[in-house]
Amino acid sequence: MASIGKDIQKAAELLMAGEVVAIPTETVYGLAGNAMQEAAVSKIFRIKNRPKSNPLILHVSGAECLEQYAAKIPAVAFDLADCFWPGSLTMLLTKRPSVPDLVTAGLPRVGLRVPDHGLTLELLRRLPFALAAPSANPYGYISATTATHVDAMLGARLPYILDGGPCQRGIESTIVGFDQGEVVIYRKGVITADQLTRVAGKLRYFKPQSGPVQASGMALSHYAPITPILLTADFQRLDFASLPRKVGFLSFCSAVPQVESDRQIVLSVSGDLAQAASNLYGALHRMDAMDLDLIVAQYAPAEGIGVAINDRLTRAAHPKA
Ligand code: TXA
Ligand code: MG
């Protein structure tokens with residue numbers, strides 16, 4: 001088990017010494033290391049068993065750091081930074097040569113974001129380098145929204161987890177890139193398409209082609225518990241008799257009447273999408289620890305952040321390779 005605490009100075013000293021430390025953000029916990037030091041970045045890939053073909057996001061303390069790591073920045077990127085940073089938007093921008101190729105998996109762009117969490121912003125201000133940080137979970141598994149989740153999954157491989165409490169947003173950042181004047185959404189996330197449109201005008205979703213990863217959160221199986229997931233729009237349409245014996249039910253806002261309460265989790269009793277998002281990964285972690293044969297999960301309404309909730313549920317339910 002890792003040491004867990006709120007000591008920013010301790011986290012800073014470990015990071016300065018080239019160690020990897022788990023950090024809180026408003027979306028999910030990150031697994032952070034000195035982005036400018038290849039040995040530290042290599043450790044991140046090793047700890048989460050992530051292929052080096054899958055690039056890492058750079059976390060910086062403010063929009064004034066943009067030009068240090070990115071070049072040819074379109075004006076709309078500055079507008080988006082003004083509007084959404086600190087916050088849950090990652091922008092893919094032409095990388096400067098100073099960013100190690102290991103961070104970007106050899107790709108021409110670097111992902112940048114300013115996380116909206118007091119402890120981590122203070123940590124970033126104290127450090128003379130950006131933090132490369134993927135989500136703090138083993139590759140392909142459920143992301144972490146508490147220090148306890150990180151500890152259970154990766155604690156044995158980490159010297160320190162900076163505990164910032166439960167992540168307020170609970171789902172990863174929205175990832176956008178820029179293509180000939182158009183904003184392209186690569187990963188659905190906390191910041192919705194509507195919010196982006198208000199600032200950037202017309203936008204489109206990236207259509208994955210075959211070939212190397214261009215951006216991810218795009219792997220078809222991702223964010224997944226060990227227990228298989230079946231998705232439904234409506235529990236009442238299920239044939240309960242055909243389900244296996246030990247089933248857990250994950251519903252958006254109303255409990256399933258015919259199921260015992262210890263076998264079900266309601267993401268938001270009031271039907272609040274933001275609350276459902278912040279509870280999603282915690283609920284999947286809890287259900288995965290229940291020794292179930294199957295989790296039946298209900299889609300959220302496909303509006304606002306519900307679009308990102310459904311994206312995560314769909315990938316979590318996808319058969320694993
Ligand atoms: O909310 C978040 O974004 C969290 C917190 C910790 O900041 N981070 C996160 O990182 O979700 P990760 O590594 O689990 O997912 C980021 C995705 C990766 O799947 C990666 O493929 C894509 O962003 N990505 C990062 N840098 C990229 C780049 N230069 N070009 C294309 N895709 C990139
Ligand atoms: Mg991840």
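Helices (H or I, at least four residues) and strands (E, at least two) are DSSP runs, numbered from the N terminus. The structure is a predicted model, where local features need pLDDT of at least 70, side-chain atom pairs count only at pLDDT 80 or more, and totals for chains, interfaces and linings use all residues. Residues are numbered from 1 along each chain as its sequence is written.

**Exercise 1.** Find the helix that holds Thr 120, and decide whether Thr 120 is buried or exposed.

*Solution.* Start with the helix: Thr 120 belongs to α6, residues 118–126. Next, recall the cut-offs: buried means under 20% relative accessible area, exposed over 50%, partly exposed in between (1.4 Å probe, protein chains only). Thr 120 is buried because its relative accessibility is 0%.

**Exercise 2.** Which residues does Thr 120 contact, leaving aside neighbours within four places in sequence?

*Solution.* Contact means heavy atoms within 4.5 Å. With those neighbours set aside, Thr 120 touches Ile 23, Pro 24 and Pro 115.

**Exercise 3.** Trace the open sheet, then look at one of its edges.

*Solution.* Two strands pair if DSSP finds at least two bridges between them. Reading across the 11 strands gives β1-β8-β2-β3-β7-β4-β6-β5-β9-β10-β11, with mixed pairing. At the edges are β1 (3–5) and β11 (203–205), each pairing on one side only. Now take β1: its partner β8 (residues 160–162) runs parallel to it, over three bridges. Within this pair, Gly 5 sits opposite Leu 162 of β8.

Definitions and conventions: Chains lettered and ligands numbered in written order. Heavy atoms only, no water.
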